[in-house]
Amino acid sequence: MSDNKKSPNPVDIHVGARIRLRRNMIGLSQEKLGESLGITFQQIQKYEKGMNRVGASRLQAIANILNVPVTFFFDDMPGQVDKPRGFDEESETTYVVGFLNSSEGIQLARAFAKIGDAKIRRKVLDLVRTLGQEDDAV
């Protein structure tokens, strides 16, 4: 018996991940985004997983709600032809996107942004760098 279910298109997965990234960056729930669009949060989940393709007019509406240009959803797409970057293996935006796609990354970024004292922010940054180096040494 063959499996008739199609796997999601990589472009749809990427666009969905970028919707989730931006939605989380601004602290908007799937429910609120869905309400703004007149659809259910389940539909937002399907978009974010790449299970359902986002149409052009809907993507424009999402971009307006999330306050980004439509091109944001296509930035850093795997397999995208880019200008040569020199010797770096991955762009810095790849690290940022990966970091902000994790719940820990979002929580850390939000908590860090709430620290008002620049000296304390510097100490937190130094601590995180030190902890990161300890992982490399192990």
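How many helices and strands does the protein have?

1. Overall composition. The structure under review is a predicted model. The protein contains 7 helices and 0 strands, and its elements follow one another along the sequence in the pattern α-α-α-α-α-α-α.

2. Burial, surface and contact range. Of the 138 residues in the protein, 25% are buried. The accessible surface amounts to about 10200 Å², and carbon and sulfur atoms account for 55% of that surface. Where contacts link residues at least 6 apart in sequence, 56% of them join residues at least 24 apart.

3. Helices α2 and α3. Helix α2 spans residues 30–37 and helix α3 spans residues 41–49; their axes come within 8 Å and cross at roughly 105°. Because of this crossing angle, α2 is classed as roughly perpendicular to α3. On the α2 side, the contact is formed by Q30, E31, L33, G34 and L37, and on the α3 side by F41, I44, Q45 and E48. By class, the residues of this contact comprise 4 nonpolar, 3 polar and 2 charged.

4. Helices α1 and α3. Helix α1, residues 10–25, also packs with α3, at an angle of about 120° and with the axes 6 Å apart. The two helices, α1 and α3, are therefore oblique to each other, since the range counted as roughly perpendicular is 65 to 115 degrees. From α1, the contact draws on D12, I13, G16, A17, I19, R20 and R23; from α3, it draws on Y47, E48 and K49. This contact of α1 with α3 has 4 nonpolar, 1 polar and 5 charged residues. E48 of α3 is listed in the contact with α2 and also in the contact with α1.

5. The aromatic pair. Which rings form the aromatic pair, and why is the pair edge-to-face? Searching the whole structure yields 1 aromatic pair. The rings are those of F72 and F73, with centres 5.6 Å apart and planes at 80°, so the arrangement is edge-to-face; the cut-off for that class is an angle over 60 degrees. Both F72 and F73 are buried.

6. Residue Q107. Is Q107 buried or exposed? Q107 belongs to helix α6, which covers residues 103–113. Its relative accessibility is 53%, so Q107 counts as exposed, the threshold for that class being over 50%. Q107 and N24 are separated by 83 residues in sequence, while their C-alpha atoms are 9.7 Å apart in space. N24 falls within the residue range of helix α1, 10–25.

Conventions
Residues are numbered from 1 along each chain as its sequence is written. This is a predicted model: local features need pLDDT of at least 70, side-chain atom pairs count only at pLDDT 80 or more; totals for chains, interfaces and linings use all residues. Side-chain values use heavy atoms; hydrogens and water are left out. Axes are lines fitted to C-alpha atoms, for helices over the stretch in contact, and angles run from 0 to 180 degrees between N-to-C directions. Helices (H or I, at least four residues) and strands (E, at least two) are DSSP runs, numbered from the N terminus. Angles under 35 degrees count as roughly parallel, over 145 as roughly antiparallel, 65 to 115 as roughly perpendicular and the rest as oblique. Contact means heavy atoms within 4.5 Å. Ala, Val, Leu, Ile, Met, Phe, Trp, Tyr, Cys and Pro count as nonpolar, Asp, Glu, Lys and Arg as charged, and the others, Gly among them, as polar. Buried means under 20% relative accessible area, exposed over 50%, partly exposed in between (1.4 Å probe, protein chains only). Accessible areas come from the Shrake-Rupley method with a 1.4 Å probe; for residues, only the protein chains shown count as cover. Rings of Phe, Tyr and Trp (its six-membered ring) pair if their centres lie within 6.5 Å; planes under 30 degrees apart count as stacked, over 60 as edge-to-face and the rest as tilted.
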